Structures are given as C-alpha cells and as structure tokens.
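Please open the structure in your viewer and keep the selection tool at hand. The tour below proceeds by selections, each followed by a short account of what is found there.

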Amino acid sequence: MMKNTIFLLAGSALWISASAGNVQIQVLDRDGKPVPDAVVVVYPSNSASSPPSLLQPSPTIEQEKMRFVPAVTVVEPGTTVRFTNQDRWDHHVRGAAAGLTAATAASGFELRLAGKSEGKPASSAEVKLDAAGAVLLSCHLHGSMRGHIFVTDSPWAIKTDTDGIARFPAVPDGAAQVRVWHAEQLVDLPRKSLSVVPGPVLDTVQLSVVPRVRRAPPAAPGNNAPGGPMGGYSQAPAMGDGAEKLAHRH
C-alpha cells in the first residue's frame, strides 16, 4: 500500500512537471540592450491550473526624494495600493489613464499627502484600482515626478529585472500569447505567439524605442515649506469625464 502511494505521488509530480514550462521572456530595446521595468503579460490558452502568486496583494508606492518608488508597480484588478510621502515637503498624487488608449484604460484619482514631520509617521492614503489598464502617476507640485501602475488583465504578469528578463514558473503547456508594455512604448506592440512545452521556454521581445535612463533624484530643497522648492499647493485643475473620473478612495 505504501509503495503504491509513493508511485502515485511520484507519477503526479511527473505529470505536473510535464504539463508546465518555465517561461523566460527577455525584453530588448531598439538597440538590442536589456530593458528593466517592462511589464510582461502571458495569456495561456490552457487555464486549467492556478497561476502562482507573482504580485503583491497590497503594494506600497513611496514618494521619496521627489520620485515614485518603485517607478512601475504591477497589480491585479481590485488591488488596494497605498501611497506614502517620505519627503519633508508636500506632494500631490494624480493618477490618470496612460498611453494612446487612455479612453478605455483605468479610471483616475487625485490625492494630497502632507510632508513628513520629524518624529511622526509619514502621511499615506489608499486607492483601490478595479479596471485593467496603465495608470500614469504624477504630482502637480513637482512636474518631474512620474511613475506608473499597470493593472493587468492576466495573473501571469510581472516586471523584467535588471537583465530585462521576466521569469514565469509553471506556465500551463500549450499555446500562449505574450504582451509587453513599457511606459515609453507609446504604440502597443502586437502580442507574440508562444508555444509552452515542458522544461524551459526562452523568447525575446524587442521594443521600437530606446527608453531613457532614469535620472538620479534631485537634491533636497533647502526649506521645509509645503510643496518644497515650489512652495505651497496650487489649485488643481478640474478633472474631466471618462478616464479621469475619480476612482474609489479610502
């Protein structure tokens, strides 16, 4: 009886291994160099197996040294994202649909976060993102601040690492499609067909642009006034209809 159980478990493990592949997609720029922070999404035609947990269930985006950190965050629909201001000066957070397909992308939102006072917790606010699409993050007070949230329509989604590689374990075998999104690739690339087989599957996708290298953070302002080097808050422009309607806020 014990031997039969062992053989059954071993057979199950072999079947699972034989029905899934480890997919690696490398994203290259127009010049053939690796691109970090590109979003790679896989759409397996065989969705019988549950995907592994690749994304954070409750991510935090820091505003630090006049930057959004991380610069790109990937989430599933229904995820609540927390924004935290670690700078001494005030920040504004505006989320608007990004790209040329903005009219059909995720809804927008606006937040204001006071600067962090010494010895006190940082100001924070949360936003729940329900619609799939790319969201551009910006600050009315500091025009150089840019970031993105990518709300994926497939759980098989992850960012590329410093070598430009996105790694997906145990992708169901069979036909699949691969989508690559990058903030500076304004025209979406066509999806690429992929055949997933047992064992490693390696492929590349090349952008039609050379993304700019992210600049070092600017020097801290010499004052502690709200708004930092740009002073206090200015009146935020009225938001329009459609993609810029106010999202659910907590």
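A residue counts as buried when its relative accessible area is under 20%. The model on display is a predicted one.

**First stop: Trp 89.** Select Trp 89, which is found in the loop between β6 and β7 (91–97). Is this residue buried or exposed? Its relative accessibility is 3%, and because the limit is 20%, Trp 89 counts as buried. Now add His 91 to the selection: the side chains of Trp 89 and His 91 are joined by a polar contact of 3.5 Å. Then add Met 66, which is 23 residues from Trp 89 in sequence. In space, the C-alpha atoms of Trp 89 and Met 66 are 9.4 Å apart.

**Second stop: strand β6 and its sheet.** Select residues 79–85, which form strand β6. This strand belongs to an open sheet of 4 strands, in the order β4-β3-β6-β9, with mixed pairing. Which strands stand at the edges? They are β4 (68–69) and β9; each has a single partner strand, so one side of each is left without a neighbour in the sheet. Next, display β6 together with β9: the two strands run antiparallel and are joined by 7 bridges. Along this pair, Thr 84 stands opposite Ser 124 in β9.

**Third stop: Thr 79.** Select Thr 79, which lies in β6. With a relative accessible area of 7%, Thr 79 is buried. Which backbone oxygen lies 2.6 Å from a polar atom of its side chain? That oxygen belongs to Glu 76. Beyond the residues up to four places away in sequence, Thr 79 touches Gln 56, Pro 57, Pro 59, Val 127, Lys 128 and Leu 129.

**Fourth stop: the nonpolar cores.** In soluble globular proteins, nonpolar side chains tend to be buried together. Select Phe 83, Phe 109, Leu 137 and Ile 149, the residues with the most contacts inside the largest nonpolar core, which has 21 residues. The elements that give two or more residues to this core are β6, β8 (109–113), β9 (123–129), β10 (133–138) and β11 (146–151). Centre the view on Ile 149 and leave aside its neighbours within four places in sequence: its contacts include Ile 61, Val 81, Phe 83, Leu 129 and Leu 137. Apart from this core lies another, of 20 residues. To find this other core, select Ala 38, Phe 168, Val 196 and Leu 207, which are among its members.

Note on methods:
Residues numbered from 1 in each chain as written. Predicted model: local features only at pLDDT ≥ 70, side-chain atom pairs only at ≥ 80, totals over all residues. Heavy atoms only, no water. Buried < 20%, exposed > 50% of the residue type's maximum accessible area, 1.4 Å probe, protein only. Polar contact = N/O pair within 3.5 Å; in protein donor to acceptor, adjacent residues only side chain to side chain. Contact = heavy atoms within 4.5 Å. Core = buried A, V, L, I, M, F, W, Y, C linked by side-chain atoms within 4.5 Å. Pairing = 2+ DSSP bridges.
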